[in-house]
Amino acid sequence: MEPMRRTVWGMLAALFLVTAAATSGCSVTTEDPSYVPPAPLPPMEQLEKAPLADAKAFSSGGDVLSFITADRTIACSLTSARGDHVNLPYEQNSYSDAANNKLPIVPVAHCGLATYQPPQPGDVKDDCAGTHLGYLGGVALLSPDTARYGECRSGVTPMEAAYGPAGTKAGPLTQLPVLADGQNLERNGLRCSAYNGGVACGNVSAGVGFFISPERYELLPGPAKSSASPQAEGLKTP
């Protein structure tokens with residue numbers, strides 16, 4: 001009888017553990033080897049659907065929202081520009097020079113990368129003072145109706161200087177707050193979201209924007225504009 005008694009007690013103990021697990025809400029999960037995670041959303045859909053973060057946490061005291069990604073590969077500002085002069089709290093610029101006060105203030109999103117891809121020939125938008133040299137990647141700029149990648153310069157980007165392969169890991173960029181993956185920021189109709197290993201910025205209502213990462217970039221020009229006006233169409237004769 002002794003062996004049977006032990007068996008009965010063992011069965012009762014096992015039943016007690018199963019019951020306890022069921023009543024306590026505990027569950028055991030196993031990894032499904034056939035599970036395929038969903039693909040990341042397209043940039044504009046991400047910007048439209050991602051929840052907005054509290055802008056106060058990213059304000060530098062002025063009317064600028066700045067952030068850096070968690071992996072320290074991209075830093076961006078939702079800010080303003082006067083002509084080619086962008087108001088950036090962590091870079092020297094001529095935005096506030098009196099000579100530029102006559103220029104209209106335009107909301108922009110500006111991003112710099114620590115490592116980056118070169119611009120494609122079709123995306124080169126400046127002849128660099130007629131030299132056609134020095135148009136480099138690593139910087140993206142969004143205005144309400146245009147997005148571009150690259151700029152004319154003779155050196156590295158500030159992000160490259162701080163977090164590139166030979167970066168110093170010092171300076172004002174190291175003090176920027178982190179925009180966590182999946183978060184979204186908005187200022188004056190423009191949004192930026194950290195996701196999919198990079199950053200998307202765009203004007204959702206116009207469909208204009210960009211996605212940048214160390215491995216690739218994508219420009220989103222928005223819907224194609226018709227070259228003919230409705231009035232001109234109306235003047236056609238049979």
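**Salt bridges in close-up**

**View 1. Arg216 and Glu218 joined by a salt bridge.** In this predicted model, Arg216 pairs with Glu218 in a salt bridge whose closest N and O atoms lie 3.7 Å apart, a separation that qualifies because the cut-off for such a contact is 4 Å. Arg216 is partly exposed, with a relative accessibility of 39%, and Glu218 is likewise classed as partly exposed, at 29%.

**View 2. Lys49 and Glu45 paired within helix α2.** The side chains of these two residues, Lys49 and Glu45, come together in a salt bridge with an N to O distance of 2.7 Å. Both belong to helix α2, which spans residues 43–49, and because they are four residues apart there, about one helical turn separates them. Lys49 counts as exposed, at 55% relative accessibility, whereas Glu45, at 27%, counts as partly exposed.

**View 3. Asp63 and Arg187 linked across the sequence.** A salt bridge connects Asp63 with Arg187, and their closest N and O atoms are 2.9 Å apart. Asp63 sits in the loop between α2 and β1 (65–69), while Arg187 is part of strand β8 (residues 184–187), so this pair ties together parts of the structure that are 124 residues apart in sequence. Asp63 is exposed, with a relative accessible area of 56%, but its partner Arg187 is buried, with a relative accessible area of 7%.

**Context for the views.** Side chains that carry opposite charges can pair when their charged atoms come close. A search of the whole structure finds five salt bridges, among them the Arg216 and Glu218 pair, the Lys49 and Glu45 pair, and the Asp63 and Arg187 pair.

Definitions and conventions:
Residues are numbered from 1 along each chain as its sequence is written. This is a predicted model: local features need pLDDT of at least 70, side-chain atom pairs count only at pLDDT 80 or more; totals for chains, interfaces and linings use all residues. Side-chain values use heavy atoms; hydrogens and water are left out. Helices (H or I, at least four residues) and strands (E, at least two) are DSSP runs, numbered from the N terminus. Buried means under 20% relative accessible area, exposed over 50%, partly exposed in between (1.4 Å probe, protein chains only).
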